[in-house]
Amino acid sequence: MRSLAEKLIHSPLKFHLNWCLSVSETWQERLQDPRISFRGNIPRDEFLQLLEKADAIIIPTLLDTGPMLVVEALSTGTIPICNLLKRSAIPDLIENGKNGFLIPNNKIDLYFRVIAVSYTHLRAHETGAYL
């Protein structure tokens with residue numbers, strides 16, 4: 001996901017990324033940008049507050065048989081963008097393109113494309129330039 005963050009930094013998209021996992025100081029320095037907040041492992045209630053304010057959440061999990069995070073995202077109206085795990089309940093919860101997105105093999109270019117298209121869609125809706 002660090003390469004996705006680098007791609008976002010060098011894009012024209014206006015975003016704010018709350019990074020809620022541990023990351024080395026080296027990567028924090030490399031990804032230093034005012035649009036990225038490294039929060040590390042935070043208390044659950046603080047995380048849920050961030051989730052409620054978010055447009056989307058990236059869930060690049062490699063193993064998740066009980067995807068509670070997806071359920072929480074859906075319950076707050078936050079768009080889950082997830083790694084497609086065939087041996088998981090994630091595909092049972094997300095209808096790709098309708099209530100979230102499924103990214104095969106954690107492909108960074110697909111994550112970026114979904115974020116860019118979703119961003120454009122959300123901004124068009126906010127400004128009334130919706131066709």
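Me: Is Val71 buried, exposed or partly exposed?
Reply: In this predicted model, the relative accessible area of Val71 is 36%. Buried would need a value under 20% and exposed one over 50%. The value lies in between, so Val71 counts as partly exposed.

Me: Which residues form a nonpolar patch on the surface with Val71?
Reply: Val71 is located in helix 4, which covers residues 68-76. Patch members need over 30% relative accessible area, and Val71 has 36%. Together the patch residues expose about 230 Å² of accessible area, and the partners of Val71 are Met68 and Leu93.

Me: In what order do the strands of the open sheet stand?
Reply: The open sheet has three strands, with parallel pairing. Strand 3 (56-59) and strand 5 (101-103) are the edge strands, each pairing on one side only. From one strand to the next, the twist averages 15°. The order is 3-4-5.

Me: How many bridges join strand 3 to strand 4?
Reply: Strand 4 spans residues 79-83 and runs parallel to strand 3. Ala56 has Ile79 as its bridge partner in strand 4, and Ile58 stands opposite Ile81. The number of bridges joining strand 3 to strand 4 is four.

Me: Which residue in strand 5 stands opposite Cys82?
Reply: Strand 4 and strand 5 run parallel and are joined by three bridges. Strand 5 is an edge strand, made of residues 101-103. Opposite Cys82, in strand 5, stands Leu102.

Me: Why is strand 4 largely enclosed by the rest of the structure?
Reply: A residue is buried when its relative accessible area is under 20%. Strand 4 is largely enclosed by the rest of the structure because, of its five residues, the number buried is four.

Me: What is the N to O distance in the salt bridge of Arg30 and Glu6?
Reply: The pair links distant parts of the chain, 24 residues apart: Arg30 lies in helix 2 (residues 25-30) and Glu6 in helix 1 (residues 2-9). Arg30 counts as exposed, with 52% relative accessibility. Its side chain meets that of Glu6 in a salt bridge, with an N to O distance of 2.8 Å.

Me: With which residue does Asp109 form a salt bridge?
Reply: Asp109 belongs to helix 6 (residues 108-127), and the pair spans 102 residues to reach helix 1. Asp109 is partly exposed at 48% relative accessibility. The closest N and O atoms are 3.0 Å apart, and the partner is Lys7.

Me: At what relative accessibility does Lys7 count as partly exposed?
Reply: Partly exposed covers the range between the buried cut-off, under 20%, and the exposed cut-off, over 50%. Lys7 counts as partly exposed, its relative accessibility being 32%.

Me: Is Glu72 buried or exposed?
Reply: Glu72 in helix 4 and Arg44 in helix 3 (residues 44-53) are 28 residues apart and link distant parts of the chain. They form a salt bridge whose closest N and O atoms are 2.3 Å apart. Arg44, at 51% relative accessibility, counts as exposed. Glu72 has 9% relative accessibility, so it counts as buried.

Me: How many salt bridges does the structure hold?
Reply: Side chains of opposite charge can pair when their charged atoms come close. Among the salt bridges are Arg30 with Glu6, Asp109 with Lys7 and Glu72 with Arg44. The number that the structure holds is four.

Technical notes. Residues numbered from 1 in each chain as written. Predicted model: local features only at pLDDT ≥ 70, side-chain atom pairs only at ≥ 80, totals over all residues. Heavy atoms only, no water. Pairing = 2+ DSSP bridges. Helix = DSSP H or I, 4+ residues; strand = E, 2+ residues; numbered from the N terminus. Axes fitted to C-alpha atoms, helices over the stretch in contact; angles between N-to-C directions. Buried < 20%, exposed > 50% of the residue type's maximum accessible area, 1.4 Å probe, protein only. Patch = residues over 30% accessible without salt bridge, like charges linked within 9 Å, V, L, I, M, F, W, Y side chains within 5 Å. Areas by Shrake-Rupley, 256 points an atom, 1.4 Å probe, with all protein chains shown as cover.
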